[in-house]
Each structure stands twice: as structure tokens, then as C-alpha cells.
Amino acid sequence: MTAPSTTDSDYDEVQAAPDDEGGRAPARRYGVLALAIMVVVGLLLGYAGGLLTPRLTRPGDASVEAGFARDMTTHHAQAVEMSLIAYRSATLPEVRQIAVDIATGQQGEIGAMQTWLREWDLSPTGSQPPMSWMSDGAKVKDGLMPGMATPQQMTALRNAQGIEVDRQFLTLMYNHHLGGIHMIDAALDATDNAEVLRVARVMKSTQQTELNNLKQLQAQAQAKG
């Protein structure tokens, strides 16, 4: 992904909101350039994690594991894009903070999944239609997997200003995570690959926590004038 261009205003510092329970690390400050670097580092760490994982078997091109890796990569890529938009333009520090967390975390997971495909000697795209690996008959609607934003919604998010950026991002990402968890559950039910199971469980736990945080932030954003 090409890092967004930067201007002087892009380097304005953002104070991370403290966790209500006192569990968050000390406040951190980010610039857009720093976030871009973090996303790249997350991707590289994901690649490294995948390369260090032993492979006793190699899933085939039409396998659940390959389908999950390919489709979840596409799903995650949109979440990273939305998060970068929110980081640059959202007004609430808490929204910008969760955007950082989602962008860096999901980019790292993309790196891991792409490493699986290379280790399995499979292409990033494959010959099977999207979502064909899911046993529950989930369909791709207008080229979009569950929870993904439409092109019109993405355009509206890019063009939004002020608190509307926060509101649109939070709504879109909440639905995005719901769709992602549906896909993760399908993979967990169908695979016995230890590494896929491990990563999928981490994904689900992270996204469930983020769903709760997104819901709380939605209430906060709606209360703004």
C-alpha cells in the first residue's frame, strides 16, 4: 500500500485517549508518516511470523485455508484503508487511536496470510470464486464480502468532514468487523491447520474487543454537535 502524502498539518500530534480501566499504555503520539512506518513494520512482522512457522502439510488451491487467507487479505485491506482515512481526518482522539490499532494490527495479519500462501506454493488470487470455501453458502454481493463497505460508502468517507468522518468510520468499521468475524468463524469450523487456527482465534478475539470499543465510540460521536 502506498503511504499517504504528508503536509505540515499531517504532523500535528494526537494525544491517545487513556483507557477507562487504566490498562492502556502511557499516551502515545503519532504523525501520518509514523503511522505509515508502523503499518509497514506490522506487515513485515506478519511475514516473519509466517516464515518461522513450521509447515507439515500444504493446503491446496481450493482449500478452506487458502480461501480464507485470500479473502481475509482483501477484507483486511479495506479495513486498513478506512483506518488510514480516519486517522488523518477524524476529530476524536479516541477514534484516531483505534484507527491506528486496526491499521497496524490488520496489516500484520495480511503479512502472515500472504506468507502462508507463498509457503504453500499458491498464488495470492487462486482459481476459486471468493467465499466459495465457506460451507454456509455465504455469497459475495456486488463483489463485496460480508461487512465490506461499498464504493459509494468509501467515497463518502473520503469526502466527509469534521465529526461526520468519525461517525461514518465507526459505523462502517463496526459492520466490517461483524462480517469479518462471520468469515473467521467459518474458517475455525472448517480447518485443522494449527497455524490458521491460532491466527484466526487471535483475529476473532481482537475484533470482538474492538467491536465493543467501536460501539462506545459511536455513542460518543453521536453526542457531538
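D142 counts as exposed, at 72% relative accessibility. The structure is a predicted model, and D142 lies in its loop between α3 and α4. The backbone of D142 has a phi near 55 degrees, which is a positive value in a residue other than glycine. Most residues other than glycine have a negative phi.

A second aspartate, D121, is also found in the loop between α3 and α4, where α4 spans 151-159. D121 has a phi near 60 degrees, again positive in a residue other than glycine. With a relative accessible area of 59%, D121 is exposed, since the cut-off for that class is over 50%. The table sets out the two residues.

| Residue | Phi | Relative accessible area |
|---|---|---|
| D121 | near 60 degrees | 59% |
| D142 | near 55 degrees | 72% |

The remaining points concern the helix pair α2 and α3. Helix α2 comprises residues 64-89 and helix α3 comprises residues 93-119. Their axes come within 8 Å and cross at roughly 155 degrees. Helix α2 is therefore roughly antiparallel to α3, because angles over 145 degrees fall into that class. The crossing of these two helices, α2 and α3, is left-handed. As to composition, the residues of the contact of α2 with α3 comprise 17 nonpolar, six polar and three charged ones.

Helix α3 thus links the two topics: its axis crosses that of α2 at roughly 155 degrees, and the loop between α3 and α4 holds both D121 and D142.

Terms used. Residues numbered from 1 in each chain as written. Predicted model: local features only at pLDDT ≥ 70, side-chain atom pairs only at ≥ 80, totals over all residues. Heavy atoms only, no water. Axes fitted to C-alpha atoms, helices over the stretch in contact; angles between N-to-C directions. Helix = DSSP H or I, 4+ residues; strand = E, 2+ residues; numbered from the N terminus. Parallel < 35°, antiparallel > 145°, perpendicular 65-115°, else oblique. Left-handed = near helix turned anticlockwise from the far one by under 90°. Nonpolar A, V, L, I, M, F, W, Y, C, P; charged D, E, K, R; others polar. Buried < 20%, exposed > 50% of the residue type's maximum accessible area, 1.4 Å probe, protein only.
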